[in-house]
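Thank you all for making the time this morning. I would like to walk through one model with you, strand by strand and helix by helix, so please keep the view open while I talk.

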Amino acid sequence: MTTFSELNLDPRVLKAVEDAGYTTPTPIQEGAIPPALQGQDVLGIAQTGTGKTASFTLPMITLLSKGRARARMPRSLVLAPTRELAAQVAENFDVYAKNTKLTKALLIGGVSFKEQDLLIDRGVDVLIATPGRLLDHFERGKLLLTGVQIMVVDEADRMLDMGFIPDIERIFQLTPFTRQTLFFSATMAPEIERITNTFLSAPARVEVARQASASETITQGLIYFRPSRKDRTAKEKREMLRALIESEGDKLTNAIIFCNRKTEVDVVAKSLKKHGLDAAPIHGDLEQSQRTRTLDGFRDGTLKFLIASDVAARGLDIPNVSHVFNFDAPSHAEDYVHRIGRTGRAGRLGTAYTIATPNDDKYLAAIESLLKTEIPRIEAPGGATPALAPEAEDEPKREARSRSRGGRKRKDDEAPKPDLAEAAPQDAPDQPKEPREDRPRRGRGNDRRDDNRVVGLGDHVPDFLLRDFKVPAND
């Protein structure tokens, strides 16, 4: 078994890794660190939670240990799709570079430009940024990228989902052609493949797991139910979520609950708090200070339930998340893997439940096609809204069709209808049927029993309509 000491890392980096409690590298680290140390481009493909951050942070610190940064010219650049993920990389850098004199700057939204400009002006060895904020600094003339020796793109497929690919291509063009590129992604969409072919030079491809596969340490479950009524779907899903949380008991120490929309994040968080559960929302519309406080509370255990949108699906590095709940089935199959990857990290056991309705059928099919396996179906916990079988669901519909708009039964429904075959005279001669094209069209409110009825006044005109009501003029 390979150990970190066999990877030719800087002794100061090895000491920091040892202090952090790690001795054995993960597969992505074991595969990516050696070629990175040799100055080779690396294309890393691995699922979320496999230790990708350390696989580029450790060789970067080792390679940058010699040299000094100049003002406004960072020596290395790390691009991350979200503020949370960028902050996570910065935290990892602090842990592993604590025995060196390397400096860093974090460029993310929600933080004053002035504070970030001061850091850049001093000169930084490692610049960690989101694409938008990085280009903002560049366009203001506060940053030069011509000194970048190592460039890292993390979570490239998430960059694609968030529309950052044009920005990434522009940033690539602003950096030297001779740079070393470390490129990491959980999946390889055609657009990602195109970028790697364009900007990477003979990369060492390190793929430690089948694309978009779920960790085997995660127990998955799918609760599939039919809401009693369409307009009650969200309410009954919230009831189902609370029942699931209660059924897990002491096994649930903390949980991340994912929703598809920011508005739903706020509603679910408010609902859980109303029912006495310690919950808080996190999504892209919140102030950075509030997002930071919420994440800190979740990390230190003072907050038990974190309700998140997909903007946080890959930016959270909390090792001990016991449960993940998909309140909404994700509309993109890859997001399912990234969501449930928040639990069961670093070899730990985790549990992931998904709540789905018939409206989610196409999403579930895409997810299971990607996973190449079926998500195990589990029964709804006690007290939750029961699932309706398709045949049971049809009965209320039949009854509803027999009711009028006001909700009351028609008089025809109160008594059994007579058998028309018995009521008709037995000796009545058969009447020839009209050809379909000659039959008169019937209005919605007309009596359909008499096809030979007279429409309007017919040939008879009442006398009063023929009278002359003109008043003679006075002489």
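Let me start at Pro281, which in this predicted model stands opposite Ile307 in β11. The strand on the other side of that pairing is β10, and four bridges join β10 to β11, residues 305-308, with the two strands running parallel. If we step back from that pair, we see an open sheet of six strands with parallel pairing, in the order β8-β13-β12-β9-β11-β10. At the edges stand β8, residues 218-224, and β10, residues 279-282, and because each has a single partner strand, one side of each is left without a neighbour in the sheet. As for the twist, neighbouring strands of this sheet are turned by 20° against each other on average, with direction ignored.

There is a second open sheet, and here seven strands follow the order β3-β4-β2-β5-β6-β1-β7, again with parallel pairing. Which strands form its edges? They are β3, residues 104-107, and β7, each of which pairs on one side only. The average turn between neighbouring strands in this seven-stranded sheet is 10°, once more with direction ignored. Within it, β1 and β6 pair in the parallel sense over four bridges, and the bridge partner of Val42 in β6 is Leu182. Packed on this sheet is helix α9, residues 190-199, which touches β1, β6 and β7, and the direction of α9 makes about 170° with that of β6.

Staying with that part of the model, I would like to turn to helix α2, residues 27-37, whose buried residues are Ile28, Gln29, Ala32, Ile33, Pro35, Ala36 and Leu37. What covers these buried residues of α2? The cover includes the strands β1 (42-45), β6 (180-185) and β7 (204-207), together with helix α3 (52-63). Just after α2 comes Gly39, which takes a positive phi of about 85°.

Two further positive phi values deserve a moment, since they belong to residues other than glycine. Asn8 has a phi near 60°, and it is found in the segment before α1, residues 11-19. Is Asn8 buried or exposed? With a relative accessibility of 65%, Asn8 counts as exposed. Arg72 has a positive phi of about 65° and lies in the loop between α3 and β2, where β2 covers residues 76-79. Arg72 counts as partly exposed, because its relative accessibility is 33%.

Now to the aromatic pairs, of which the structure holds three; I will describe two of them. In the pair of Phe56 and Phe184, the ring centres are 5.5 Å apart and the planes stand at 45°, so the pair is tilted. This pair links distant parts of the chain, with Phe56 in helix α3 and Phe184 in strand β6, 128 residues apart. Phe56 counts as buried, because its relative accessibility is 0%, and Phe184, at 1%, counts as buried too.

The other pair I want to show is Phe325 with Tyr353, where the centres of the rings are 6.0 Å apart and the planes are at 35°, so this pair is tilted as well. Phe325 lies in strand β12, residues 323-326, and Tyr353 in strand β13, residues 350-356, so the pair ties together parts that are 28 residues apart in sequence. Both Phe325 and Tyr353 are buried. You will find β13 and β12 side by side in the order of the six-stranded sheet with which I began.

Finally, a helix pair: α5, residues 113-122, and α6, residues 131-139, pack at an angle of about 70°, with their axes 12 Å apart. That angle makes α5 roughly perpendicular to α6. On the α5 side the contact is made by Phe113, Gln116, Asp117 and Ile120, and on the α6 side by Arg133, Asp136 and His137. How do the residues of this contact divide by character? Two are nonpolar, two are polar and three are charged.

Definitions and conventions: Residues are numbered from 1 along each chain as its sequence is written. This is a predicted model: local features need pLDDT of at least 70, side-chain atom pairs count only at pLDDT 80 or more; totals for chains, interfaces and linings use all residues. Side-chain values use heavy atoms; hydrogens and water are left out. Two strands pair if DSSP finds at least two bridges between them. Axes are lines fitted to C-alpha atoms, for helices over the stretch in contact, and angles run from 0 to 180 degrees between N-to-C directions. Angles under 35 degrees count as roughly parallel, over 145 as roughly antiparallel, 65 to 115 as roughly perpendicular and the rest as oblique. Contact means heavy atoms within 4.5 Å. Ala, Val, Leu, Ile, Met, Phe, Trp, Tyr, Cys and Pro count as nonpolar, Asp, Glu, Lys and Arg as charged, and the others, Gly among them, as polar. Buried means under 20% relative accessible area, exposed over 50%, partly exposed in between (1.4 Å probe, protein chains only). Rings of Phe, Tyr and Trp (its six-membered ring) pair if their centres lie within 6.5 Å; planes under 30 degrees apart count as stacked, over 60 as edge-to-face and the rest as tilted.
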